[in-house]
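Open the file in your viewer and keep the selection panel at hand. Each stop below tells you what to select and what to look for.

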Amino acid sequence: MEILKTVNLTKIYGYGENKVLALNKANLEVKQGEFIAILGTSGSGKSTFLNLVGGLDTPTKGEIFVKGKDISKLKKEEQTIFRRRYIGFVFQNYSLMPVLNVYDNVVLPISFDKGQRINHEYIKSLLTELGLWDKRKKYPNELSGGQQQRVAIARALANKPAIILADEPTGNLDSKTTSEVIGVLKSSSHKYNQTIIMVTHNEIIAQACDRILRIEDGILRKAGEQDV
Ligand code: ADP
């Protein structure tokens with residue numbers, strides 16, 4: 001079974017003259033462990049796609065199946081629970097909590113979920129793998145941009161989500177740090193059999209992924225595929 005399947009996923013913002021077809025019948029199937037890039041220019045529909053798959057917004061039409069469960073019609077509270085259990089997010093601006101140290105930032109999503117216990121050994125192995133164990137007591141403002149993004153990746157991995165959604169994760173980083181962070185995403189994907197969907201406008205970054213899809217004017221297609 002695919003970890004993610006979208007069927008004719010469509011999002012229309014606004015009404016009447018202000019109507020925007022942001023996502024137009026997107027069909028995608030993703031297997032567990034795949035590291036996928038969705039490549040598109042600004043305004044092409046990348047964030048719309050991530051927001052729908054991550055349960056931050058609901059589609060106008062179409063379905064989203066995560067581990068076989070249709071999440072497209074969940075109510076607000078159900079969406080929140082779904083996000084906590086099944087999705088890890090990595091953003092361009094890291095979005096770490098400045099008042100928490102590295103360790104506490106990483107376990108934060110787990111501590112929100114009352115049904116889950118923190119597995120200290122797993123968190124330790126994760127932080128060690130990502131080169132952060134000796135930085136565990138540091139605060140975000142004591143770390144470089146690349147280190148902060150590694151913390152955000154560790155946090156996304158912490159509760160073993162079905163899917164990690166990464167939105168321009170290297171947008172704020174120089175090219176050397178970018179390769180390092182993409183390397184961390186790639187090795188995490190392999191080591192933990194972690195599905196990752198990354199959206200980017202950067203062709204070179206996308207090349208590091210197992211599979212590239214392109215999005216243009218809300219239409220998602222395989223790289224190289226033409227209009228039909
Ligand atoms: P990207 O992430 O690729 O830059 P978006 O998914 O943000 O693209 O946007 C796709 C299209 O939908 C754009 O034309 C954008 O202006 C429009 N859009 C996005 N969010 C909204 C919204 N909340 N209301 C109206 N239009 C929106």
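The tour starts at the ligand, moves to the open sheet and ends at the strands of the N-terminal part.

**Before you start**

This is a predicted model. Numbering starts from 1 along each chain.

**Stop 1: the ligand shell**

Select the ligand and the residues around it. Which residues surround the ligand? The list is Tyr13, Val20, Ala22, Thr41, Ser42, Gly43, Ser44, Gly45, Lys46, Ser47 and Thr48. Colour them by class: three are nonpolar, seven polar and one charged.

Now colour by secondary structure. Strand 2 (20–30) and helix 1 (46–53) each supply at least two residues of this shell. Helix 1 gives the most, with three residues.

**Stop 2: polar contacts to the ligand**

Draw distances to the oxygen atoms of the ligand. Three are worth displaying:

- Gly43: a backbone N or O atom is 2.7 Å from a ligand oxygen.
- Lys46: a polar side-chain atom is 2.9 Å from a ligand oxygen.
- Ser47: a polar side-chain atom is 2.6 Å from a ligand oxygen.

Then switch on the surface. On its own the ligand has 560 Å² of accessible area, and the protein covers 59% of it.

**Stop 3: the open sheet**

Hide the ligand and show the cartoon. Look for an open sheet of six strands, with mixed pairing. Read across it in the order 6-7-8-3-9-10. Which strands are at the edges? They are strand 6 (87–91) and strand 10 (219–222), each pairing on one side only. Turn the view to look at the twist. Neighbouring strands here are turned by 20 degrees against each other on average, direction ignored.

**Stop 4: pairs within the sheet**

A reminder before you zoom in: strands of a sheet pair through backbone hydrogen bonds, either parallel or antiparallel.

Select residues 163–167 and 195–200, which are strand 7 and strand 8. They run parallel and are joined by five bridges. Centre on Ala166; its bridge partner in strand 8 is Met198.

Move on to strand 3 and strand 9. These pair in the parallel sense over four bridges. Pick Ala37 and you will find Ile212 as its bridge partner in strand 9.

Next, take strand 9 with strand 10. This pair is antiparallel, again shown by bridges, four in number. Leu213 stands opposite Lys222 of strand 10. The two strands form a hairpin with two residues between them. Click Asp217 in the turn: its phi is positive, about 50 degrees.

**Stop 5: helices on the sheet**

Bring helix 1 back into view. Helix 1 lies across strand 3 (35–39), strand 6, strand 7, strand 8, strand 9 (211–216) and strand 10. Against strand 7, helix 1 runs at about 155 degrees. Add helix 5 (residues 145–158), which packs on the sheet and touches strand 6 and strand 7. The direction of helix 5 makes about 170 degrees with that of strand 6.

**Stop 6: strand 1 and its partners**

Finish with strand 1 (residues 4–13), which runs antiparallel to strand 2 and is joined to it by seven bridges. Leu9 has Ala26 of strand 2 as its bridge partner. Follow the chain through the hairpin of these strands, where six residues lie between them. Gly14 takes a positive phi there, near 75 degrees.

Now select strand 4 (residues 61–66). Which way do strand 1 and strand 4 run, parallel or antiparallel? They run antiparallel, joined by five bridges. Label Lys5 and Phe65 to see one bridge pair between strand 1 and strand 4.

Methods: Predicted model: local features only at pLDDT ≥ 70, side-chain atom pairs only at ≥ 80, totals over all residues. Heavy atoms only, no water. Near = heavy atom within 4 Å. Polar contact = N/O pair within 3.5 Å; in protein donor to acceptor, adjacent residues only side chain to side chain. Areas by Shrake-Rupley, 256 points an atom, 1.4 Å probe, with all protein chains shown as cover. Nonpolar A, V, L, I, M, F, W, Y, C, P; charged D, E, K, R; others polar. Pairing = 2+ DSSP bridges. Axes fitted to C-alpha atoms, helices over the stretch in contact; angles between N-to-C directions. Contact = heavy atoms within 4.5 Å.
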